[in-house]
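The following exercises concern the surroundings of a ligand and the packing of two helices. Please work through each task before reading its solution.

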Amino acid sequence: MIELKDLKKSFDEKPVLKGVSVVMDDGKCNLIIGSSGSGKTVLMKCMVGLFKPTSGNVLYDGADFVNLSDKEQKTIREKIGMLFQGGALFDSQTVEQNVMFPMDMFTNEKYSKKRERVKQVLDRVQLKEEAYKKFPSEISGGMQKRVALARAIVLNPKYLFCDEPNSGLDPQTSLVIDKLIHEITKEYDMTTIVNTHDMNSVMEIGDHIIYMHQGEKEWEGNNKEIIFSKNEKLNEFIFASEFLRDAKNMRTIQETGEIPKEVEAGIKDAIEEKLNVDLDGDGHIGDPGKADEPSEKKAPPKK
Ligand SMILES: Nc1ncnc2c1ncn2[C@@H]1O[C@H](COP(=O)(O)OP(=O)(O)OP(=O)(O)O)[C@@H](O)[C@H]1O
């Protein structure tokens, strides 16, 4: 289990993380969302030991990472897999060599054993053998992400960190990568932390979502609860993310004028205000509690 306790990080007296406390769920995809500059990357870097927090704790199964000896920190680092933004593959190495790299670094396994394991993980991310000898520049962006994911899990990590795994991918390929991350998290029983801007990912794999706003945890919940959220900052962020256009439930509302059953409160009011439409036919646009007098309303879109 990873637990953050009152985590603070400042750069030159400028506070970036202002006391974040959260427990990352084991065996689940924990998504960190928030607008640019809200502190998502700094939070992730504090978790993996790339930044030293100004104060507070990062606990791995109760052990405070920052105050552990180098040897103890190394033991935890060995349990961490990282999928870096952009994949960060070595251009001069083949697919197979890229995936084998962590085994070369951290194990004394025989070459045949390493090849066997590399094949296993490349199979798992559905990469065919004809790609093994190719260089990153010779394969598509989606394939590169698969290779990066295979490399991240080759040492069978307990914790998987993914920084913007969908950056540079089209929505369909993003969905495939999201699903792989989600399935592998369950199969390997990992604690996965994903830093993302992608609202489709949020809806698809958001077992546990942490919404960061200006260095603080503003909201947390899962992908069902986010629909009902009445948190104004979160709703603003969701709209800024073009959630209306992209997310499945919202698409249903726009295209058919029907509200999916699960969208009965929370964000529904904000959607009404945004579209200036009385979706639920209650005589009000937005929250009826807020309106002093009935709003001028438009008919719901025709089916
Ligand atoms: N090494 C650093 N030195 C000084 N300031 C930093 C450093 N790293 C990050 N910051 C500052 O911390 C703040 C949060 O940055 P961070 O990269 O965590 O944002 P983010 O939420 O990940 O944004 P994005 O979605 O754009 O990646 C920003 O104001 C950034 O300028």
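Helices are DSSP runs (H or I) of at least four residues, numbered from the N terminus. The model used here is predicted.

**Exercise 1.** Determine which residues are around the ligand, and which helix gives the largest share of this shell.

*Solution.* Step 1: the residues around the ligand are Phe-11, Val-16, Gly-34, Ser-36, Gly-37, Ser-38, Gly-39, Lys-40, Thr-41 and Val-42. Step 2: helix α1, residues 40-47, supplies three residues, the largest share of the shell. Step 3: sorted by class, the shell holds six polar, three nonpolar and one charged residues.

**Exercise 2.** Establish how helices α3 and α5 are oriented to each other, and which residues they bring into contact.

*Solution.* Step 1: the axes of α3 (residues 95-106) and α5 (residues 141-153) come within 7 Å and cross at roughly 25°. Step 2: angles under 35 degrees count as roughly parallel. Step 3: α3 and α5 are therefore roughly parallel to each other. Step 4: their crossing is right-handed. Step 5: from α3, Val-95, Asn-98, Val-99, Phe-101 and Pro-102 meet Val-147, Ala-150 and Arg-151 of α5. Step 6: this contact comprises six nonpolar, one polar and one charged residues.

**Exercise 3.** Describe the protein chain as a whole: how many helices and strands does the chain have, and what percentage of its residues count as buried?

*Solution.* Step 1: the secondary structure comes to 12 helices and 10 strands. Step 2: of the 303 residues, 35% count as buried. Step 3: among contacts with a separation of 6 or more, 63% join residues 24 or more positions apart.

Technical notes. Residues are numbered from 1 along each chain as its sequence is written. This is a predicted model: local features need pLDDT of at least 70, side-chain atom pairs count only at pLDDT 80 or more; totals for chains, interfaces and linings use all residues. A residue is near a molecule or strand if its C-beta atom, placed from the backbone, lies within 6 Å of it. Helices (H or I, at least four residues) and strands (E, at least two) are DSSP runs, numbered from the N terminus. Ala, Val, Leu, Ile, Met, Phe, Trp, Tyr, Cys and Pro count as nonpolar, Asp, Glu, Lys and Arg as charged, and the others, Gly among them, as polar. A residue is buried if 20 or more other C-beta atoms lie within 10 Å of its own, exposed if 12 or fewer, and partly exposed in between; C-beta atoms are placed from the backbone. Two residues are in contact if their C-beta atoms, placed from the backbone, lie within 7 Å. Axes are lines fitted to C-alpha atoms, for helices over the stretch in contact, and angles run from 0 to 180 degrees between N-to-C directions. Angles under 35 degrees count as roughly parallel, over 145 as roughly antiparallel, 65 to 115 as roughly perpendicular and the rest as oblique. A crossing is left-handed if the near helix is turned anticlockwise from the far one by less than a right angle, and right-handed if clockwise.
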